[in-house]
Amino acid sequence: ATPANIDARTQRFALASGMQVALLPKGTRGQAVQAVLTMRYGDEKSLFGVGDVPAFAAAMLDRGTAKLDRQQIQDRFEALNAQVSYGGDDTKLTVGIKTRRENLPAVVALVGEVLREASFPPTALEEVRAQALADIEERRKQPDALVDNRIDRHGDPYPVGDVRHARSFEEAEADAKRVTAAQLREFHARFYGAAHAQFAASGDMDAAAVRAALASAFGDWTPKAAFTRVPNPLVAVAPERFVLLTPDKQNAAMASRLPLPLSDNDADYAEFTLANRI
């Protein structure tokens, strides 16, 4: 399992839509296979003011489509021995897949249907909203969450509405309360598409069948909105020390942060990561 051997065995290609694909067929126990689909969308201007809409959209993908309700989607994935998870933030959607060799093409087809035909039912929206508000309320009481949020907001140069803005708990709560079903459908229609997506699978698979399933599910799906990665430059902040009292909690949390002008493209990145680990 060397990097050179992995690269030599990986099949790479692109769909007509632009989706980049990497398949690594290999023997596994129980013919298991895992895959990840990442879909990127928008830019710093088109995403301004989206609030919690991208995260809510991701959380509601499996709550219903134009043809299937929530239970039917769940039943079909269970029949395929598939575990599928969805996660989203302001700039990307991630879908995790675990299944077996013979089922992967059908799982890809079903994931494509879920992503392309999501209906965002209002009743499910209220479930997701209640969960989000409960999570915010829980985090605002926890010392570690309070510390992380305070450090995030220290020296934040971005205005409210910018996807890079570090929100307070009050701002997060307000964003969660504002999301509507109409906003979810509009966001989905404008930003979802496979033009700037990546799909990678590793494990026991029929690569030709998986390729055909991907082409059928995502080969002609492109978004209306353009994509440009949101820049994330280093922001210099003044040294500061914060002490947040939580007298109703017996535990304490400490965190420190030192921003550095370094990315995984830098020659020193591997050495820095190892030194930091040690």
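Visitor: Does R29 count as buried or exposed?
Guide: In this predicted model, R29 sits in the loop that links β2 and β3. The relative accessibility of R29 is 83%, and the cut-off for exposure is over 50%. R29 therefore counts as exposed.

Visitor: How far apart in space are R29 and D204, C-alpha to C-alpha?
Guide: R29 belongs to the loop between β2 and β3. Along the sequence, 175 residues separate R29 from D204. In space, the C-alpha to C-alpha distance between R29 and D204 is 8.7 Å.

Visitor: Which residue in the loop between β2 (20-25) and β3 (32-40) has a positive phi without being a glycine?
Guide: Most residues other than glycine have a negative phi. The loop between β2 and β3 holds a residue whose phi is near 55°. With a relative accessibility of 32%, this residue counts as partly exposed. The residue in question is Q31.

Visitor: What is the phi of N81?
Guide: N81 is placed in the loop between α3 (70-79) and β4 (83-88). Its relative accessible area is 46%, so N81 is partly exposed. Although N81 is not a glycine, its phi is positive, at about 50°.

Visitor: Are helices α4 and α9 roughly parallel or antiparallel?
Guide: Helix α4 spans residues 104-116 and helix α9 spans residues 207-218, and their axes lie 9 Å apart. The angle at which they pack is about 15°. Angles under 35 degrees count as roughly parallel, so the description of α4 with respect to α9 is roughly parallel.

Visitor: What is the handedness of the crossing of α4 and α9?
Guide: Two packed helices are described by the angle between their axes and the distance between the axes. For α4 and α9 these values are about 15° and 9 Å. The crossing of the two helices is right-handed.

Visitor: How many nonpolar residues does the contact of α4 with α9 have?
Guide: On the α4 side, the residues are L104, P105, V108, V111, G112, L115 and R116. They meet A209, V210, A213, L214, S216, A217 and F218 in α9. By class, two residues of this contact are polar and one is charged, while the number of nonpolar residues is eleven.

Visitor: Which element gives the most residues to the largest nonpolar core?
Guide: The largest nonpolar core has 68 residues, and those touching the most other members are M19, F77, L115, F199 and F218. Of these, L115 also takes part in the contact of α4 with α9, as does F218. The element that gives the most to this core, with seven residues, is α4.

Visitor: Which residues of α9 does F199 touch?
Guide: F199 is one of the core residues that touch the most other members. Leaving out residues up to four places away in sequence, its contacts include M19, L23, A35, L37 and I97, as well as V108. V108 is part of α4, where it takes part in the contact with α9. From α9, F199 touches V210 and L214.

Visitor: How far apart in space are R116 and W221, C-alpha to C-alpha?
Guide: R116 is found in helix α4 and is partly exposed, with a relative accessible area of 28%. Residues up to four places away aside, R116 touches H188, S216, A217, F218, D220 and W221. R116 and W221 are 105 residues apart in sequence, whereas their C-alpha to C-alpha distance is 8.3 Å.

Visitor: Is H188 buried or exposed?
Guide: H188 is a residue of helix α8 (residues 181-191). Its contacts, apart from neighbours within four places in sequence, are L115, R116, A118 and F120. The relative accessibility of H188 is 10%, so H188 counts as buried.

Visitor: How many charged residues does the contact of α5 with α7 have?
Guide: Helix α5 (residues 122-139) and helix α7 (residues 169-178) pack at about 175° and are therefore roughly antiparallel. R129, A132, L133, I136 and R139 in α5 meet F169, A172, E173, A176, K177 and R178 in α7. Six residues of this contact are nonpolar and none is polar, and the number of charged residues is five.

Visitor: What percentage of the residues of the chain count as buried?
Guide: The chain has ten helices and six strands. Its C-alpha atoms fill a box of roughly 55 × 50 × 40 Å along the principal axes. Of its 278 residues, the share that count as buried is 38%.

Methods:
Residues are numbered from 1 along each chain as its sequence is written. This is a predicted model: local features need pLDDT of at least 70, side-chain atom pairs count only at pLDDT 80 or more; totals for chains, interfaces and linings use all residues. Side-chain values use heavy atoms; hydrogens and water are left out. Axes are lines fitted to C-alpha atoms, for helices over the stretch in contact, and angles run from 0 to 180 degrees between N-to-C directions. Helices (H or I, at least four residues) and strands (E, at least two) are DSSP runs, numbered from the N terminus. Angles under 35 degrees count as roughly parallel, over 145 as roughly antiparallel, 65 to 115 as roughly perpendicular and the rest as oblique. A crossing is left-handed if the near helix is turned anticlockwise from the far one by less than a right angle, and right-handed if clockwise. Contact means heavy atoms within 4.5 Å. Ala, Val, Leu, Ile, Met, Phe, Trp, Tyr, Cys and Pro count as nonpolar, Asp, Glu, Lys and Arg as charged, and the others, Gly among them, as polar. A nonpolar core is a set of buried Ala, Val, Leu, Ile, Met, Phe, Trp, Tyr and Cys residues joined through side-chain atoms within 4.5 Å. Buried means under 20% relative accessible area, exposed over 50%, partly exposed in between (1.4 Å probe, protein chains only).
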